[in-house]
Amino acid sequence: MTEATRVALVTGASSGIGAATARLLAERGMRVAVNYLRSVQAAEQVVKDIEAAGGEAMAVRADVRDVAAVGAMVEQIGAAWGGVDVLVHNALTPYVIKTFQDMSWEELGGKLDDELRAAFVVTKAVLPAMTEQHRGRLIYLGAVPGHQPRVGMIALGTAKAALTQFSRFLAQELGPHGITVNVVEPGPVAETRMSHVVADEQKQRQVAATPLGRLALPDDVARVIAFYAGEDNAFMTGTTAAVNGGMAMY
Ligand SMILES: NC(=O)c1ccc[n+]([C@@H]2O[C@H](COP(=O)([O-])OP(=O)(O)OC[C@H]3O[C@@H](n4cnc5c(N)ncnc54)[C@H](OP(=O)(O)O)[C@@H]3O)[C@@H](O)[C@H]2O)c1
């Protein structure tokens, strides 16, 4: 099997890290399904860019929390190209930035439910083809607050910590099926929707706290995702890769 025939599904690929990842995986020879929820034009633009560069891609709409929609999306990909070989679960469901004392259970529990439900639903949908073919790459997006508390980030951090532990259980269970499972954990990333709402002063503080002297770009994160996605990267599983320029060291 050559790299050219592998199929990748990138969730939340109409923006930020997901869009950069879709472009890079296509450049590396994979057929890429560009998942989105609302931003149809942006998703179609990612597909156009990939095609213009000589790659193969399709835009596929589905709410990653919705079993029926995700099932239909994976069927659509399967009908066109066959089973998904590489899942990059990247979609960012909303969360509030607040202290614990100001937060309601609905806010914290809602983020936990969205994060884990989406990971569960998308993984369940791609797994039958991976186990049948005895190969696969599952890659999830973590975040620094999933490892180290940051003020106001309890909802995101608790959800990402749960996602990381979920991925380790999968690594243990799915290793015998030839499937690797890893997490890519960025620090703050420029040119994403979140970066547009962060104040310049806070960005300057983040840069000052980063030994490599700048914020990550979506491409920095995409390259690490592509490393895990590579067919020749067959013996790393259950790991988390920090992509934060040294801002957090564990
Ligand atoms: N940005 C950062 O600084 C940063 C730092 C650490 C970790 N991360 C992680 O990296 C991942 C990507 O973040 P990002 O900042 O690049 O994202 P982003 O620019 O905010 O884009 C979010 C993407 O998720 C999609 N999405 C949202 N809800 C969805 C749903 N229910 N179903 C399907 N797609 C959905 C959006 O699609 P539509 O627009 O089409 O709805 C969009 O493509 C996330 O898991 C995030 O936690 C980001």
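The exercises below work through a predicted model, each with a stepwise solution.

**Exercise 1. The sheet**

Task: Give the strand order of the open sheet and find its edges.

Solution:
- Step 1. The open sheet has seven strands, in the order 3-2-1-4-5-6-7.
- Step 2. Their pairing is parallel.
- Step 3. Strand 3 (56–61) and strand 7 each have a single partner strand, so one side of each has no neighbour in the sheet. These two are the edges.
- Step 4. On average, neighbouring strands are turned by 20 degrees against each other, direction ignored.
- Step 5. Take one pair: strand 5 and strand 6 (residues 179–186) run parallel over six bridges. In strand 6, Val-183 stands opposite Tyr-140.

**Exercise 2. The nonpolar cores**

Task: State how many residues the largest nonpolar core has, and which elements supply it.

Solution:
- Step 1. The largest nonpolar core counts 34 residues. Leu-25, Val-32 and Val-34 have the most contacts inside it.
- Step 2. At least two residues come from each of strand 1 (7–10), strand 2 (31–36), strand 4 (86–89), strand 5 (136–141) and strand 7 (239–243). The same holds for helix 1 (16–27), helix 2 (40–52) and helix 8 (218–229).
- Step 3. Helix 1 gives the most, with seven residues.
- Step 4. Now look around Val-32. Its contacts include Ala-8, Val-10, Ala-22, Leu-25 and Ala-26. Glu-56, Ala-57, Met-58 and Trp-81 also touch Val-32.
- Step 5. Another core, of 31 residues, lies apart from the largest one. Among its members are Met-58, Leu-127, Leu-170 and Val-181.

**Exercise 3. Two charged side chains**

Task: Decide whether Asp-85 and Lys-160 are buried or exposed, then list what surrounds them.

Solution:
- Step 1. The cut-off for buried is under 20% relative accessible area.
- Step 2. Asp-85 has 4% relative accessibility, so Asp-85 is buried. Lys-160 has a relative accessible area of 6%, so Lys-160 is buried too.
- Step 3. Asp-85 sits in the loop between helix 3 (67–81) and strand 4. Lys-160 belongs to helix 5 (residues 154–174).
- Step 4. The side chain of Asp-85 makes a polar contact with the side chain of Arg-135, at 2.7 Å. A polar atom of the Asp-85 side chain also lies 2.8 Å from the backbone nitrogen of Val-7.
- Step 5. Other residues touching Asp-85 include Thr-5, Met-130 and Gln-133. Lys-160 touches Glu-115, Leu-141, Gly-142, Ala-143 and Gly-146, leaving out residues up to four places away in sequence.

**Exercise 4. Positive phi**

Task: Locate His-134 and Glu-191, and classify their exposure.

Solution:
- Step 1. Phi of His-134 is near 55 degrees. Phi of Glu-191 is about 60 degrees. Both values are positive, and neither residue is a glycine.
- Step 2. His-134 is in the loop between helix 4 (105–133) and strand 5. Glu-191 is in the loop between strand 6 and helix 6 (193–197).
- Step 3. His-134, at 46% relative accessibility, is partly exposed. Glu-191, at 54%, is exposed.

**Exercise 5. The ligand**

Task: Name the closest residues and the backbone atoms within polar reach of the ligand.

Solution:
- Step 1. The ligand is surrounded by 28 residues. The closest are Ser-14, Ser-15, Ser-39, Val-189 and Arg-193.
- Step 2. A backbone N or O atom of Leu-37 lies 2.9 Å from a ligand oxygen atom. For Arg-38, a backbone N or O atom likewise lies 2.9 Å from an oxygen atom of the ligand.
- Step 3. Val-64 places a backbone N or O atom 3.0 Å from a nitrogen atom of the ligand.

How values were computed
Residues are numbered from 1 along each chain as its sequence is written. This is a predicted model: local features need pLDDT of at least 70, side-chain atom pairs count only at pLDDT 80 or more; totals for chains, interfaces and linings use all residues. Side-chain values use heavy atoms; hydrogens and water are left out. A nonpolar core is a set of buried Ala, Val, Leu, Ile, Met, Phe, Trp, Tyr and Cys residues joined through side-chain atoms within 4.5 Å. Buried means under 20% relative accessible area, exposed over 50%, partly exposed in between (1.4 Å probe, protein chains only). Helices (H or I, at least four residues) and strands (E, at least two) are DSSP runs, numbered from the N terminus. Contact means heavy atoms within 4.5 Å. Two strands pair if DSSP finds at least two bridges between them. Axes are lines fitted to C-alpha atoms, for helices over the stretch in contact, and angles run from 0 to 180 degrees between N-to-C directions. A residue is near a molecule or strand if one of its heavy atoms lies within 4 Å of it. A polar contact is a pair of N or O atoms within 3.5 Å; within protein, one must be able to donate a hydrogen and the other to accept it, and residues adjacent in sequence count only if both atoms are side-chain atoms.
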